[in-house]
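Me: I've just opened this one and could use a quick tour. Mind if I ask some basic questions as we go?

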Amino acid sequence: ESQYLTCGTNCKISYWDAYDASAIRVIDGGAAAMTCLDVQSNGTFFVSGSADKSIRVWNYDDGETIALGCGHSGIVNRIAISPDETRVVSVGSEGGIFIWDL
């Protein structure tokens, strides 16, 4: 079963079925717009960035936050899990580039 995730200004993260585009579930992403996502290659976890200047690591299956990172002074515009899956790189609207250990 293939799925994809979306996020947006409604502060939600939505799981979708890739076959028929039906919504599987929606989870609350926080108090501010969700701006970016990246999913780990085997689907165990995903990371998100937000307009509240934070990043989060989420358990994919249960949709629970595993870790919260704060450091940016602007909106998190981009987030990515490193190819070796040991770090997360986030870029904020203030121009900051942060490297977070997982």
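**A loop, two sheets and a core**

Reply: Let's begin with E85, which lies in the loop between β8 and β9. Keep in mind that this is a predicted model.

Me: OK, what about the phi of E85, given that it is not a glycine?

Reply: E85 has a positive phi, about 60 degrees, and yet it is not a glycine. The hairpin of β8 and β9 where E85 sits has five residues between the strands.

Me: And how does E85 count in terms of accessibility?

Reply: E85 counts as partly exposed, because its relative accessibility is 24% and the partly exposed class runs between 20% and 50%.

Me: Which other residue has a positive phi although it is not a glycine?

Reply: A21 is one, also with a phi of about 60 degrees. You'll find A21 in the loop between β2 (12-17) and β3 (23-28). A21 is at 44% relative accessibility, so it counts as partly exposed.

Me: Back to that hairpin. How many bridges join β8 to β9?

Reply: Five, and the two strands run antiparallel. To place a couple of pairs: I79 has S90 in β9 as its bridge partner, and V76 stands opposite G92 in β9.

Me: What sits on the other side of β9?

Reply: That would be β10 (residues 97-101), joined to β9 by five bridges and again antiparallel. V89 has I99 in β10 as its bridge partner. The hairpin of β9 and β10 has four residues between the strands, and there G95 takes a positive phi near 100 degrees.

Me: So what's the order of strands in that sheet?

Reply: It goes β8-β9-β10, an open sheet of three strands with antiparallel pairing. β8 and β10 are the edge strands, each pairing on one side only. From one strand to the next, the twist averages 20 degrees.

Me: Which way do the side chains of β9 point?

Reply: They alternate along residues 87-92. V88, S90 and G92 point to one face and are buried, while R87, V89 and V91 point to the other and are not. That fits a general pattern: in a regular strand, side chains alternate between the two faces of the sheet.

Me: New topic. Which strands make up the open sheet of four?

Reply: In order, β4-β5-β6-β7, with antiparallel pairing. β4 (34-39) and β7 (65-70) stand at the edges with a single partner strand each, so one side of each has no neighbour in the sheet. The twist here averages 20 degrees from one strand to the next. In the middle, β5 and β6 pair over five bridges, and G49 has I55 in β6 as its bridge partner.

Me: What's in the largest nonpolar core?

Reply: It has 10 residues: C36, F45, V47, I55, V57, V76, I79, I81, V88 and W100. β5 (45-50), β6 (54-59) and β8 (76-81) each supply at least two of them.

Me: Which strand gives the most to this core?

Reply: β8 does, with three residues.

Me: Take I81 then. What does it touch?

Reply: Leaving out residues up to four places away in sequence, I81 touches D38, V39, Q40, F45, V47, R87, V88 and L102. Of those, F45, V47 and V88 also belong to the largest core.

Me: And what's in the second core?

Reply: It is separate and has eight residues, including I13, Y15, M34 and F46.

Note on methods: Residues are numbered from 1 along each chain as its sequence is written. This is a predicted model: local features need pLDDT of at least 70, side-chain atom pairs count only at pLDDT 80 or more; totals for chains, interfaces and linings use all residues. Side-chain values use heavy atoms; hydrogens and water are left out. A nonpolar core is a set of buried Ala, Val, Leu, Ile, Met, Phe, Trp, Tyr and Cys residues joined through side-chain atoms within 4.5 Å. Buried means under 20% relative accessible area, exposed over 50%, partly exposed in between (1.4 Å probe, protein chains only). Contact means heavy atoms within 4.5 Å. Two strands pair if DSSP finds at least two bridges between them. Axes are lines fitted to C-alpha atoms, for helices over the stretch in contact, and angles run from 0 to 180 degrees between N-to-C directions.
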